[in-house]
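Reader: I'm new to protein structures and would like to learn how to read charges in one. Could you walk me through an example?

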Amino acid sequence: MGFEQYHEPASELSAETRTKARILASLTEEAEAIGWYEQRLSVEPDPEARAIMENAQHEEFKHFGMSLEFLLRRKPRWRETLQGILFQAGDIVKHGEEAEEESD
């Protein structure tokens with residue numbers, strides 16, 4: 001992605017905004033890697049190779065989670081909204097709508 005990640009001139013963006021853009025890019029890359037491993041795992045017949053890929057995918061989960069937590073610590077409204085959605089039993093869409101209403 002490089003410097004194409006910015007939609008505004010980088011020189012006009014604060015250091016904080018550029019850091020968040022980097023972390024968001026990392027979050028996207030981690031999500032892509034998780035998906036790639038999922039595809040590989042779905043077709044890999046060798047148990048030892050699968051174990052290696054599962055371990056690597058687990059690392060990507062960790063990196064995804066750390067990047068997300070970094071952003072949530074700096075964006076309280078994002079945290080508030082996601083707390084109403086994540087780790088909740090029941091209808092995901094309903095929780096999303098309720099969380100959005102509560103954060104407005």
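Author: Happy to; we will go through salt bridges, rings and a surface patch, keeping in mind that this is a predicted model.

Reader: How many salt bridges are there here?

Author: First the general idea: side chains of opposite charge can pair when their charged atoms come close. In this model the count comes to 6 salt bridges. One of them joins Lys 62 to Glu 59, with their closest N and O atoms 3.2 Å apart.

Reader: Why are Lys 62 and Glu 59 separated by about one helical turn?

Author: Because they are 3 residues apart in helix α2, which covers residues 47-74.

Reader: Which charged residues lie over the face of a ring?

Author: Arg 74 lies over the face of Phe 70, 3.6 Å from the ring centre. Arg 40 does likewise with Tyr 37, at 5.1 Å from the ring centre. As for aromatic pairs, a search of the whole structure finds 0.

Reader: And which residues gather in a patch of negative charge on the surface?

Author: That patch brings together Glu 80, Asp 91, Glu 97, Glu 100, Glu 101 and Glu 102. Helix α4, residues 92-103, gives the most to the patch, with 4 residues. Glu 100 is found in helix α4.

How values were computed. Residues are numbered from 1 along each chain as its sequence is written. This is a predicted model: local features need pLDDT of at least 70, side-chain atom pairs count only at pLDDT 80 or more; totals for chains, interfaces and linings use all residues. Side-chain values use heavy atoms; hydrogens and water are left out. Patches are made of residues with over 30% relative accessible area and no salt bridge: like charges are joined within 9 Å, nonpolar side chains (Val, Leu, Ile, Met, Phe, Trp, Tyr) within 5 Å. Accessible areas come from the Shrake-Rupley method with a 1.4 Å probe; for residues, only the protein chains shown count as cover. A salt bridge is a side-chain nitrogen of Lys or Arg within 4 Å of a carboxyl oxygen of Asp or Glu. Lys and Arg count as positive and Asp and Glu as negative; His and the chain ends are not counted. The place of a charge is taken as NZ of Lys, CZ of Arg, CG of Asp or CD of Glu. Helices (H or I, at least four residues) and strands (E, at least two) are DSSP runs, numbered from the N terminus. Rings of Phe, Tyr and Trp (its six-membered ring) pair if their centres lie within 6.5 Å; planes under 30 degrees apart count as stacked, over 60 as edge-to-face and the rest as tilted. A charge sits over a ring if NZ of Lys or CZ of Arg is within 6 Å of the ring centre and within 35 degrees of the ring normal.
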